[in-house]
Amino acid sequence: MWGPGWRDRLWSDLDQDWDVIVIGGGITGAGVFREAVQKKLKVLLVDANDFSFGTSSKSSKMVHGGFRYLKNRQYGVTYEAVCEREWMLKEAPNLVTSLAFAVPDYQAARRVRWEFAAGLVIYDLMALKWAHRKFDRQQLLRLCPQLNPAGLTGGYLYYDAEMDDSRLVLRILQEAIAAGGSALNYASVDALLRDRSGKVHGVRLRDTSGLNDRAQECRASVVINAAGPWSDAVRSQIAAPPRLRKLRGSHLVFCRADFPLQQAVTLVHPSDHRSMFALPWEGVTLIGTTDLDHTVSPSENVFASDQEIEYILQVLNASFPALELGRAQIISTFSGLRPVINTGKPNPSQESRAHVVWDESGLITITGGKLTTFRIMASEALQKAIPYLPTGLEFKLRPPIFDPPPCDFGQANIDAFAAAHLTGRYGCNVEDFLQASLPAELKPIESLPNLWAELRWAARNEGVIHLDDLLLRRVRLGLLLPDGAAAWMDQIKSIIQPELGWDESRWLSEENRYRQVWLSSYSPSPEDTRLQTVCV
Ligand code: FAD
């Protein structure tokens with residue numbers, strides 16, 4: 001799939017007539033790509049950075065119906081997302097997993113209790129299940145002993161789901177590639193090609209890997225702009241006026257030992273009463289998110305500001321005072337941009353999260369929305385593209401192609417937890433993964449669910465160009481281990497250097513580049529170093 005020489009082969013193959021070119025390898029682009037490939041169209045997906053480099057590796061990791069939208073009576077939006085959540089739980093088991101959310105209730109809470117309880121009933125009924133529960137104070141404290149007990153009256157428990165966002169994108173890309181699609185990372189669309197009538201009919205690509213100096217014009221019946229927060233920049237090439245507002249959301253990451261949680265907890269910020277979440281994820285605990293206007297270009301380094309870190313620590317300490325967590329315990333941070341339609345609402349959190357599809361001179365833009373509803377967004381984008389495509393096509397919600405294979409893990413001598421983890425991440429390739437792995441590397445990395453063998457597999461098969469692709473998106477050690485996994489670098493090097501054929505000087509430059517990316521965007525005190533590594 002992404003085996004040796006794949007990149008050069010694909011570059012030399014670009015000069016052909018494509019049915020569809022998709023700009024952006026986040027969840028939106030990946031969804032469009034897979035759906036178009038399933039229709040037997042000739043499809044090329046390109047990303048200026050790594051796959052899932054943008055918002056799709058920096059989300060809150062929830063697959064959710066959006067319980068809070070019920071408060072605004074957005075029943076249709078919630079129902080759609082709840083159905084998608086249920087579909088993903090069924091079709092991508094172990095990659096998307098059910099997650100309980102505790103909602104503590106305090107004497108001073110502003111919510112109307114009967115409305116909240118009714119909302120939970122509606123939320124469950126939408127999924128045709130009855131899973132929520134009401135707890136008294138003692139029961140809730142047993143469930144979540146670290147919660148602030150002062151004024152706690154009880155609470156509720158309901159269910160949504162969580163996933164590894166980058167791995168979900170990768171899995172969808174891989175399924176589409178296996179079905180005949182072509183996907184290229186580090187290939188930026190620098191210009192849109194237009195015919196005499198002004199209709200967009202292709203793109204000019206530039207290799208942004210830093211390893212080759214090459215460019216290529218590619219023609220297509222239709223170009224789909226799935227560039228997330230960069231969508232306006234792509235649209236500006238056809239002089240379309242900006243319509244998006246970019247909202248930055250940041251998270252802090254803590255070791256599970258410091259911040260132990262069995263389930264997610266919904267938190268209310270003490271200063272502005274915004275809803276936030278803390279959730280267990282991949283062996284660590286995440287807490288976030290902020291929701292702020294990001295006024296500089298998304299090409300600039302996106303990172304959690306000092307004020308955002310302080311703001312998140314405030315809700316953490318108000319909700320879990322006994323843990324006494326502060327900056328010293330943060331192991332990493334991350335920050336993403338949410339593109340929403342700019343209606344000029346004074347409070348960013350009031351802007352609608354709904355997705356939009358536009359056709360401007362044959363450039364189809366699909367943006368907004370959320371990761372959970374990627375299939376719906378893909379179908380709508382392709383519906384809009386139908387006038388430019390061969391006749392007779394119809395894009396409805398497709399039957400899934402996620403296909404968890406039966407696999408015999410007995411030989412591999414790994415436990416059920418690791419087996420589930422591998423099935424979720426590698427889907428149909430899990431058998432190949434086991435065969436390719438060295439027995440000594442089928443061991444967990446510290447207390448994480450990841451195995452050392454995943455590094456070798458990713459380096460060999462998952463389109464890794466730079467070390468940061470590997471450590472921040474394929475296997476997320478840069479987020480999950482202290483100091484960006486610096487203490488484990490020798491072991492990482494011994495596995496991946498031979499796989500990627502990097503000599504000593506390439507290794508050093510990759511290590512340096514990774515360190516800079518980590519320090520500037522993912523460390524506990526990220527700095528604005530204006531990196532050149534962001535290529536858009
Ligand atoms: P992106 O993931 O940003 O992808 C766009 C891609 O386009 C990038 O990889 C970029 O490199 C590429 N690109 C840009 N310009 C060019 C160019 N010129 N040429 C080629 N490529 C280009 N949703 C949920 O369902 N659950 C959640 O828990 C959740 N939490 C969130 C938390 C935060 C803080 C934020 C900000 C969003 C969250 N969302 C969540 C929303 C969800 O993450 C986004 O809707 C989704 O990831 C957007 O994906 P995308 O593919 O549209 O954009």
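Me: How should I read the shell around the ligand by class, that is, how many nonpolar, polar and charged residues does the shell have?

Reply: The shell around the ligand has 15 nonpolar, 18 polar and five charged residues. Please keep in mind throughout that this is a predicted model. In total, 38 residues surround the ligand, and the closest of them are Thr28, Asp47, Ser56, Met62 and Thr372.

Me: Which helices and strands each supply at least two residues of that shell, and from which domains does the shell draw at least three residues each?

Reply: At least two shell residues come from each of helix H2 (27–38), strand S8 (187–194), strand S11 (244–255) and strand S16 (330–341). In terms of domains, the shell takes at least three residues from domain 1 (6–55 + 166–243 + 352–388) and at least three from domain 2 (78–162 + 245–339).

Me: Where do oxygen atoms of the ligand lie relative to polar atoms of isoleucine 27, glycine 54 and serine 56?

Reply: For such pairs the cut-off to keep in mind is 3.5 Å between N or O atoms. An N or O atom in the side chain of serine 56 is 2.6 Å from a ligand oxygen, a backbone N or O atom of isoleucine 27 lies 3.2 Å from a ligand oxygen, and a polar backbone atom of glycine 54 is 3.5 Å from a ligand oxygen. As for cover, the ligand taken alone exposes 1,000 Å², of which the protein buries 98%.

Me: How is the protein divided into domains, and how many residues are in contact between domain 2 and domain 3?

Reply: The division gives domain 1 (6–55 + 166–243 + 352–388), domain 2 (78–162 + 245–339) and domain 3 (416–528). A general point about interfaces is that their size is often given as the accessible area lost when the parts come together. Here the description is by residues instead: 18 residues of domain 2 are in contact with 24 residues of domain 3, while the C-alpha centres of these two domains lie 27 Å apart.

Me: What should I look for in a helix such as H13 (residues 467–474), and how many of its residues are buried?

Reply: The general idea is that an α-helix has 3.6 residues a turn, so residues three or four places apart point the same way. In helix H13, however, eight of its eight residues are buried, namely Leu467, Asp468, Asp469, Leu470, Leu471, Leu472, Arg473 and Arg474. The elements that these buried residues pack against are helices H6 (165–178), H10 (416–426), H12 (453–461), H14 (477–480), H15 (489–500) and H16 (504–522).

Me: Since helix H12 is among those partners, is leucine 455 buried or exposed, and what is leucine 455 in contact with?

Reply: Leucine 455 has its place in helix H12, and it counts as buried because its relative accessible area is 0%, where the limit for buried is under 20%. Leaving aside neighbours within four places in sequence, leucine 455 is in contact with Leu470, Leu471, Val475, Leu477, Ile492, Ile495 and Ile496; two of these, Leu470 and Leu471, are named among the buried residues of H13.

Me: How should I read separation in sequence against separation in space, for instance for phenylalanine 53 and asparagine 185?

Reply: The two separations are best read side by side. Phenylalanine 53 and asparagine 185 are 132 residues apart in sequence and 9.6 Å apart in space, C-alpha to C-alpha, whereas leucine 455 and threonine 365 are 90 residues apart in sequence and 35 Å apart in space. Phenylalanine 53 is in the loop between strand S2 (43–46) and strand S3 (62–63), and it is buried because its relative accessible area is 15%.

Me: Is threonine 367 buried or exposed, and what does threonine 367 touch?

Reply: Threonine 367, which lies in strand S18 (residues 363–368), counts as buried because its relative accessibility is 3%. Not counting residues up to four places away in sequence, threonine 367 touches Gly228, Ser231, Leu244, Pro339, His355, Val356 and Met377.

Me: Which backbone angles deserve a careful look, and where is leucine 128, for example?

Reply: Leucine 128 has a positive phi of about 55° although it is not a glycine, and its place is in the loop between helix H4 (113–126) and strand S5 (133–136). Alanine 239, also a residue other than glycine, has a positive phi near 60° and is in the loop between helix H7 (231–235) and S11. Leucine 128 counts as exposed because its relative accessibility is 79%, and alanine 239 counts as exposed at 67%. As for omega, a cis peptide bond joins glycine 288 and threonine 289, with omega about 0°; threonine 289 is in the loop between strand S14 (284–288) and strand S15 (292–293).

Methods: Residues are numbered from 1 along each chain as its sequence is written. This is a predicted model: local features need pLDDT of at least 70, side-chain atom pairs count only at pLDDT 80 or more; totals for chains, interfaces and linings use all residues. Side-chain values use heavy atoms; hydrogens and water are left out. A residue is near a molecule or strand if one of its heavy atoms lies within 4 Å of it. A polar contact is a pair of N or O atoms within 3.5 Å; within protein, one must be able to donate a hydrogen and the other to accept it, and residues adjacent in sequence count only if both atoms are side-chain atoms. Accessible areas come from the Shrake-Rupley method with a 1.4 Å probe; for residues, only the protein chains shown count as cover. Helices (H or I, at least four residues) and strands (E, at least two) are DSSP runs, numbered from the N terminus. Ala, Val, Leu, Ile, Met, Phe, Trp, Tyr, Cys and Pro count as nonpolar, Asp, Glu, Lys and Arg as charged, and the others, Gly among them, as polar. Domain bounds come from an automatic or database domain assignment. Buried means under 20% relative accessible area, exposed over 50%, partly exposed in between (1.4 Å probe, protein chains only). Contact means heavy atoms within 4.5 Å.
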